[in-house]
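Visitor: Please choose one part of this protein and give me a close look at it. I'd like a connected story rather than a list.

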Amino acid sequence: MSFDFDTVPQRLGTDSQKWQKYAGQDILPLWVADMDFRSSPAILAALHERVEHGVFGYARPTKATASAVVDALALRYGWTIDPTWLVWLPGLVCGLNVTSQAFAQPGEEVLCLTPVYPPFMTAPKNSGRVSVTVPFALNTAAHRWEIDWEALEKAVTPRTRLFFLCNPHNPLARVFRREELARLAEFCARHNLILCSDEIHCDLILDPTLPHLPTALVAPDHAARTITLMAPSKTYNVPGLGTSFAIIPDSTLRAHFVRATAGIVAEVTTLGFAACEAAYRDSEAWRQNLLAYLRGNRDFLLDFIRRELPGISIEAPIEATYLAWLNVSALGLIDPVGHFEKHGVGLSDGAFFGSPRGRHVRINFGCPRATLAEALHRIKVALTAR
Ligand SMILES: Cc1ncc(COP(=O)(O)O)c(C=O)c1O
């Protein structure tokens, strides 16, 4: 079975956050992390069926919805979870904020590694907690972003309560290896930290030799202090349906987390549950085709950069996600995003991810190849126009 990722609906003029940003301007939006593709046919069919039913009362997941998640985790990652460990949430960012509030007091610290998806740093601050960041170290010989263990140890204080991990990593597109995850779990245990592992990109691994390793599975002895956050949103392109979940094996930790959501966190909707079930149970062929298409886009991007974009480089392989972290420091631009916008391409500013200003931009290649090709051509023109 094959699927068409080259033909996409017009999103300009719709409710799309990605496309509204540049409405009225000739700028291709390759910034916020959603894809321009339609969701899988199975998801669309499930949504149509749910809409046909016509009643949209307060929702609870059915057994079948929970089973779709449980079965997918067992099949894909060999992770056996109990359905009672699932806490449904309207978003992962919400999960990061709830975790900050539930497990750290005002003034206490939450560690993460930068660059990273900005809410890792803003979630603690939203409720008066403190975000402490440790930069990844680039191993240029190995072409790999690595955890700076020494700096990490030094960053811990008596006020550190939590560690936020992004696995696979946005924006570095990196898949963590077993030794790293085991060492991180040991680090958290030794310092008595709760480990919150955001695995929203776990079904988007592009390198077929790299398995996704759920952090809680790699270190079962430490699973009791682990909160895993997942969602169908990135992989199946349904973030606008607001459906995600935390997996919290330890009942005390789970009760604490749930208490922090009470009366504040919105319920997942009927349409969200319908899409989630169809995503995990009925969309595997579509996902495999999507991964093949994204690999093609990644290779096209890498090739174009190598051949046509002097001054732009990618320091490490793109192992996962549809996001690439471009080093533009050789261009000497104070505002690289502004410069590329002037030439018709909308990227994300690396500074928001904790990277020094002017050094990196992030490009989202979850779009038809023709769009990517046009955007790269515009970037090439932008390079000659400095
Ligand atoms: C690592 C990571 N976590 C969370 C999110 C957003 O999650 P949600 O839309 O469910 O809040 C993103 C979106 O880009 C992400 O990359």
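Guide: Let's look closely at the main core, and then follow its links outward.

A word on the ground rules: this is a predicted model, in which local features need pLDDT of at least 70 and side-chain atom pairs count only at pLDDT 80 or more, while totals for chains, interfaces and linings use all residues. Residues are numbered from 1 along each chain, as its sequence is written.

So, the core. The largest nonpolar core holds 112 residues (a set of buried Ala, Val, Leu, Ile, Met, Phe, Trp, Tyr and Cys residues joined through C-beta atoms within 7 Å). Buried means 20 or more other C-beta atoms within 10 Å of a residue's own, exposed means 12 or fewer, and partly exposed is in between, with C-beta atoms placed from the backbone. The residues with the most contacts inside this core are F120, L162, F164, C196, A275 and A324. Helix α10, residues 270-282, gives the largest share, seven residues (helices are DSSP runs of H or I with at least four residues, strands are E runs of at least two, and both are numbered from the N terminus).

Why does this core lie between the domains? Domain 1 (17-40 + 284-384) and domain 2 (45-282) both give residues to the core, so it lies between them. Those bounds come from an automatic or database domain assignment. The C-alpha centres of the two domains are 25 Å apart. Their contact takes 29 residues from domain 1 and 31 residues from domain 2 (in contact means C-beta atoms, placed from the backbone, within 7 Å). On the side of domain 1 that touches domain 2, the elements giving two or more residues are α11 (284-308), β11 (323-327) and β14 (360-364). Of these, α11 supplies the largest share, five residues.

Now zoom in on F164, one of those well-connected core residues. Skipping neighbours within four places in sequence, F164 is in contact with L96, V110, C112, F120, C196 and D198. L96 takes us to helix α4, where L96 is one of the buried residues. This helix covers residues 92-103, twelve residues in total, and reaches 16 Å from its first C-alpha to its last. Eleven of the twelve residues in α4 are buried, so the helix is mostly covered. L92 and V93 are also among the buried ones, and they lead us to the ligand. Of the 13 residues around the ligand, A33, G91, L92, V93 and N170 come nearest (near means a C-beta atom, placed from the backbone, within 6 Å).

N170 has a twist of its own: the peptide bond from N170 to P171 is cis, with omega near 15 degrees. P171 sits in the loop between β7 and α7. That loop, between β7 (160-166) and α7 (178-190), also holds P168, and the peptide bond from N167 to P168 is cis too, with omega near 0 degrees. A173 lies in the loop between β7 and α7 as well, and has a positive phi of about 60 degrees although it is not a glycine. Most residues other than glycine have a negative phi, and most peptide bonds are trans. A173 is buried, with 26 other C-beta atoms within 10 Å.

One more unusual phi before we stop: T321, in the loop between α11 and β11, has a positive phi near 75 degrees without being a glycine. T321 counts as buried, with 30 C-beta neighbours inside 10 Å.

Methods:
Contact = placed C-beta atoms within 7 Å. Expected span 1.5 Å × (residues − 1).
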